[in-house]
Structures are given as structure tokens and as C-alpha cells.
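Let's take a relaxed walk around one protein model, starting on its surface and then heading inside.

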Amino acid sequence: MANFFFYFILLILLLDYGLERWLAYLNSTCWSDKLPDELEGIYDQEKYSKSQRYERSKHRFTFIVSSLTFAVMLFMLISGGFAWIDLWVRQFTHQPILMAILFFGILGFASNILSLPFECYNVFVIEEKFGFNRTTIKTFILDRLKGLLITIILGGGLLTLIIYIYESTGSYFWLITWGVITFFMIFMSMFYSNLIVPLFNKQRPLEQGLLRDAIEQFAGKVGFKLKNIYIIDGSKRSKKANAYFTGLGMKKRIILYDTLIEDHTIDELVAVLAHEIGHYKKKHTFLGILFSILQTGVMLFVLSFFIRKNSVITQSLCLALSGLSGLEIKQSFHMGILTFGMLYSPLSLVLGLIMNKISRKHEYEADRFAGIRNDITTLMDALKKLSVNNLSNLRPHPIYVFFYYSHPTLLQRLSALKKIYPTDPNYF
């Protein structure tokens, strides 16, 4: 049975990589050196050519990174690399929590070391070449160190708690763990901007002035109680602009990138904020958290079958990671998690497609909200400017969009906005 699971994991890895490369190829067939007719008035020829060069550079970079990642995974699986690490960890401890922390700590450290040169190339070569990068070497290093510290504290702490629950409970493990993770997700949704973001960026309240007055006037018109409007120093790392809504209840806040304010008029900024307020008014924030909680529940329920104690299937799954090395692997929580992560991929893909479809639907609804209650033309102008300034690919392959995009394409959003009228009887 171990051989069956070994080849099944191998097949999943091959199919996953093959699907990824096929989708990337399909997307590349939509590239064009000549400005397409449907993009007239959005891109000019020079800017469009730059966006295509940017897309090609990202495509080549992604191909190299994904191919090397795939090769490393194949090597680790076939050679029994995961089994060797497990045996090495067992020389120091047989305590389940310490074994898991050491095991994943080694894998995480190795992964960070291997990915570091590629991250540097992406930031300091590709993003720099196309005028986006504003990250200094100091900021880059500090970001990685802070990210590592957060992973150790939060990730290690959560892993410790989950293993403790696993060792202390029986068949109810997945339910109790689901409750713990749900609490953690809601807590982070409420306090992420207060606890995590300040470690990386400065946030300051939007000062009194024409922009704040315009935002508050719109918020009052649509019955949205808004006290917390913050500006974040996104320009510290990139020229790209963004805005997002975060938090729940009294902790809700709207975040504007300083780069967004630099490149947009007050009316365009209000239009962007109207879209974000639309997400809240249409309960997309709540639904997003709810869907994530349900997805986590499904994942944990499936996981419970991979880590059952004294199970022949669980032991066979662990032995599958010995590959062709012939090493004997004892059943453990961390090896069960690893095999689960590999075999869960098809279900994860399906759930991801569902989440992306729901997310695209929510984006249309937020656009409708903003378009009906504000000036449609201004929102369209803001969306165009965001896409052009970020050198977005505006003609991705439809299948690529279906698999990867959480937002509709710009052309899709513009087409939907053109159909909106303030007297739409089906909206209210």
C-alpha cells in the first residue's frame, strides 16, 4: 500500500506541475506586441508594450522558480529526503511537539535559503527594471527577519497547540482544532492591522482636508459609520498602488496606500473607497471569513483520516515518503501533515476555484454598489489608472482567469459597469 501512495503522490505532483505550465502557456498565447483595439483609450502603444515585456519577464521567472521547486520536491520524494530528516530529528527527541517543530523548522529554513536568491532577483531586478521597486536592501533584510520571527512565534505556537490537542483527544481532534483555528482567524481579522502591519509599515490617520471630507460625505450618504481611515506607506517597498478594507465591527478600517493618493484625484479616490465600502455593506467581508472557516473545517476533517493513530493507512502514507530509499518511517503527526499537504492538492484546487468564483462575483457587486451610489465614469477611470500604473495584463486567457483570478479582468469590470444605471430596479 505504501508503494501505491508513493506513486499516487508522484502522479499528483506531476499533474499539478503540468496544469500550472499548461495554464501559463495558454496565457502566453494572448500576448501581443500591437495594441489591441479593445485597449484603445486605456493603454497607449508605448505603455502597452512595456506591460507585455513585464508580463514576459514574470512568466520566465515563474517558469524557472516553479520548475526548480518541482525538481526539488521530486528529489526529496524519490530519494526519501523527508525520511532522512525525520530519522535525524528522532536522534534528538521523540517528543511529538519537539519533533514536529524541528522537522518543519528544518524544511522552512531550507526553503527560505533556496528561495532567497529568487526573491532578491524578483525585487531588485525585475521590479526595479520596470520602475516599481522602492525596497532598500535594509528593508528587504528586516522584512525577512520579521517574517521569520512571526512565523516562529505564531506558526510555532499554533502548531504546538494543535499537536497538543491531537495527543490529548481522540476522534474529536478535528472539531476542537477547527474551533481554535476559527478563533485565531477571527482574532487576526480584527486585529491584524493593529498587531502585524505596524511591524512592517507605518499607518497614520488620514488628516482633515478635502479628501477626508469627501470620503466622510460619501460614507454618511450610504449609511456607513466610518471613523478609521488610514494611510499606509506602501511607497516604502513599491510604486504599485492599492486600497483595502480590514477588520470587523468597531475595529473596521479602510487603508489607502500613499501611492494611490499620489496618482489619483479626490473623486477617483472616493470611487475606490466606495468600492471597498460596498464590500462591507454587501457583507462580503463576513462571507469571506465564513467561507474560509468552512474551507478550514473541510480541510481538517480530511486531515483527520491522514493522522489516525495506529492506522494501517496512516502508516502506509508515512512510509510512502521514504520513496525509493527503503527507510522505515514511524507514524507521526508531522509526517501525516506532510503527506496530507501533497494529497490534498486536488481538493484544494477545487475549493480554490469555488472561492475565486465567489470572489469575482463579490467584486462585481462592490463595483455595482459604487457605480450606482457614485459616479460610474469616475470609478471606471480609477480602475483604468490602477491597471495601467501597475502594468496589468488586461487580456489574460479566459481559462487562466478561471483558475487564478480572484478579481474579474478590467475589461470585464468596465463592461459590467457600463450596464449599470441609478434606476436599476433589481439592485436595491
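Start with the outside: Leu148, Leu149, Ile152, Ile153 and Leu154 make a nonpolar surface patch of about 460 Å². (A patch takes residues with over 30% relative accessible area and no salt bridge, and nonpolar side chains are joined within 5 Å; areas come from the Shrake-Rupley method with a 1.4 Å probe.) Keep in mind that this is a predicted model, where local features need pLDDT of at least 70, side-chain atom pairs count only at pLDDT 80 or more, and totals for chains, interfaces and linings use all residues. Residues are numbered from 1 along each chain, and side-chain values use heavy atoms, leaving out hydrogens and water.

Here are two residues to compare; buried means under 20% relative accessible area and exposed over 50%. Helices are DSSP runs (H or I) of at least four residues.

| Residue | Helix | Relative accessible area |
|---|---|---|
| Ile152 | helix 5 (residues 137–168) | 53%, exposed |
| His284 | helix 10 (residues 284–306) | 6%, buried |

What does His284 touch, leaving aside neighbours within four places in sequence? Its contacts (heavy atoms within 4.5 Å) are Gly278, His279, His362, Glu365 and Ala366.

Now for Glu363, which sits in helix 13 (residues 345–373). Glu363 is buried yet has no salt bridge, and the nearest side chain of opposite charge, Arg413, is 4.0 Å away. (A salt bridge puts a side-chain nitrogen of Lys or Arg within 4 Å of a carboxyl oxygen of Asp or Glu; Lys and Arg count as positive, Asp and Glu as negative, and His and the chain ends are not counted.) Beyond four places in sequence, the residues Glu363 touches include His275, His279, Ser406 and Pro408.

Methods:
Helix = DSSP H or I, 4+ residues; strand = E, 2+ residues; numbered from the N terminus. Buried < 20%, exposed > 50% of the residue type's maximum accessible area, 1.4 Å probe, protein only. Patch = residues over 30% accessible without salt bridge, like charges linked within 9 Å, V, L, I, M, F, W, Y side chains within 5 Å.
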